[in-house]
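Dear colleague,

I am passing on a structure that you have not worked with before, and I would be glad if you could look through it alongside the notes below.

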Amino acid sequence: MTEGMDDDAPLHHTPRMRPAGDAPKPGPKRIYTSVAHAQRDENYAIELDGRPVRTPARALLAVPQLALADALVAEWDSQGETIDHKTMPLTRLANTALDNVRGREDVIVEEIVSFAGNDLLCYRAETPDSLVAAQNDAWDAPLAWAEEKCGGRFVRVAGVMHVPQPQAVLTAARHMIAAHDAFQLTALHNMTTLTGSAVLALAVAAGELPAADAWERAHADEDWQISQWGPDAEAAARRTYREGEFTTAYQFLTLVSQT
C-alpha cells in the first residue's frame, strides 16, 4: 500500500514558525508516476500508479465527491521530485476528515456549538465610539441572520466576561451544525476556530456571506487597532497565513458540498 501523509493535521492549523536560518527539511521523494482516482463503492479512492493512498491512520484516502477527488489528484500530480505537504492542503483536510472527524461527528458538533456559546460576535466594546461602530457594522447583520435561523436572540456582552447563551438558541444552532457530514464539519470547524465565530462560519456555509467578507468581519477589532496605531509586521504575517487556511477550508467546504 502507498503511504499518504506522514503527519496528520489537527482540525485547526496554527502557523509553524521556523527559527531564522533553519533550512526546511526536504520532503519524501516522489516515487510514483501516475495519479488517478478509482471508484470504490460510492467513493473515489486516490491511487498512485494504481495503488491506493492511505491516510496517516491507514484509512483509505477515498472521498464521496468527484470534484474533491479531482482536486486531490491535482495536488498529488503537481508534486515535483519531492513531496511538499504544505502544497497539499486539501489532502490534509481530507485526511483529517477521515481520521479525526468520521465516527466522531457528535464530538465535533459540540466543539462548534461551544464556540456559538462564546461567539466572538457577542463580545462588544463599550468605548471608544469608533470601535463600537466598527463592531456594530461588522457583526450586527450576521448575528441578526443567526437569530432568525435559531429563533432566539444571542446575548451581547460588554467586555470579555463569559455570559451563557440561551439554551434554546444553542439547541437550534446545534441542529444547524449537525446537518453537516464529516467532511463539511471538518471545514466548518476550521472556519470557526480561525475566526472565533461559529455564526460567521455557518453564515458562509449557508451562502449568506462570501468567505472573504466573513474573514474581514472577523477582524473588525484588529482593523480598528491598525487604523489607530498602524500595522504590525508579525501580526500581519500571521493573519495572512491564517487567511490562507480559512480560504482553503472554504474551498474544501465548497468541493464537499457539491452533488
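The largest cavity is lined by Ala116, Trp145, Ala146, Cys150, Phe154, Ala173, Val199 and Leu202; please keep in mind that the model is a predicted one. The volume of this largest cavity is about 40 Å³, and the structure holds one cavity of 30 Å³ or more. Sorted by character, the lining consists of eight nonpolar residues, with no polar and no charged ones. Two helices, α4 (129–150) and α7 (198–205), each give at least two residues to the lining, and the largest share, three residues, is supplied by α4.

Of these two helices, I looked further into α7, where seven of the eight residues are buried, so that the helix is largely enclosed by the rest of the structure. The buried residues in α7 are Ala198, Val199, Leu200, Ala201, Leu202, Ala203 and Val204, and two of the names in the cavity lining, Val199 and Leu202, thus recur here. Against which elements do they pack? The buried residues of α7 pack against α3 (105–116), α4, α5, α6, α8 (211–218) and α10 (233–256). At the start of α7, the backbone nitrogen of Val199 has a side-chain oxygen of Ser197 within 3.3 Å, while α7 is followed by Gly207, which has a positive phi, near 80°.

Leu202 also leads to His180, since setting aside neighbours within four places in sequence, His180 is in contact with Leu185, Leu188, Leu202 and Ala205. His180 is found in the loop between α5 (167–178) and α6 (182–195). Is His180 buried or exposed? Its relative accessibility is 18%, and because buried means under 20%, His180 counts as buried. A polar atom of the His180 side chain lies 3.2 Å from the backbone oxygen of Met176.

Finally, a word on the nonpolar core: the largest one has 69 residues, and those with the most contacts inside it are Ile46, Trp76 and Phe252. To take one of these three, Phe252 is in contact with Leu68, Leu90, Leu93, Ala94, Phe183, Thr186 and Ala187, when neighbours within four places in sequence are left aside. Among these partners, Phe183, Thr186 and Ala187 fall within the residue range of α6 (182–195).

With kind regards

Notes
Residues numbered from 1 in each chain as written. Predicted model: local features only at pLDDT ≥ 70, side-chain atom pairs only at ≥ 80, totals over all residues. Heavy atoms only, no water. Core = buried A, V, L, I, M, F, W, Y, C linked by side-chain atoms within 4.5 Å. Buried < 20%, exposed > 50% of the residue type's maximum accessible area, 1.4 Å probe, protein only. Contact = heavy atoms within 4.5 Å. Helix = DSSP H or I, 4+ residues; strand = E, 2+ residues; numbered from the N terminus. Polar contact = N/O pair within 3.5 Å; in protein donor to acceptor, adjacent residues only side chain to side chain. 1 Å grid on protein atoms, 1.4 Å probe; cavity = no way out; pocket = protein on both sides within 12 Å on 5 of 7 lines; lining within 4 Å. Points joined across faces, edges and corners; volume = space filled by probe spheres on them. Nonpolar A, V, L, I, M, F, W, Y, C, P; charged D, E, K, R; others polar.
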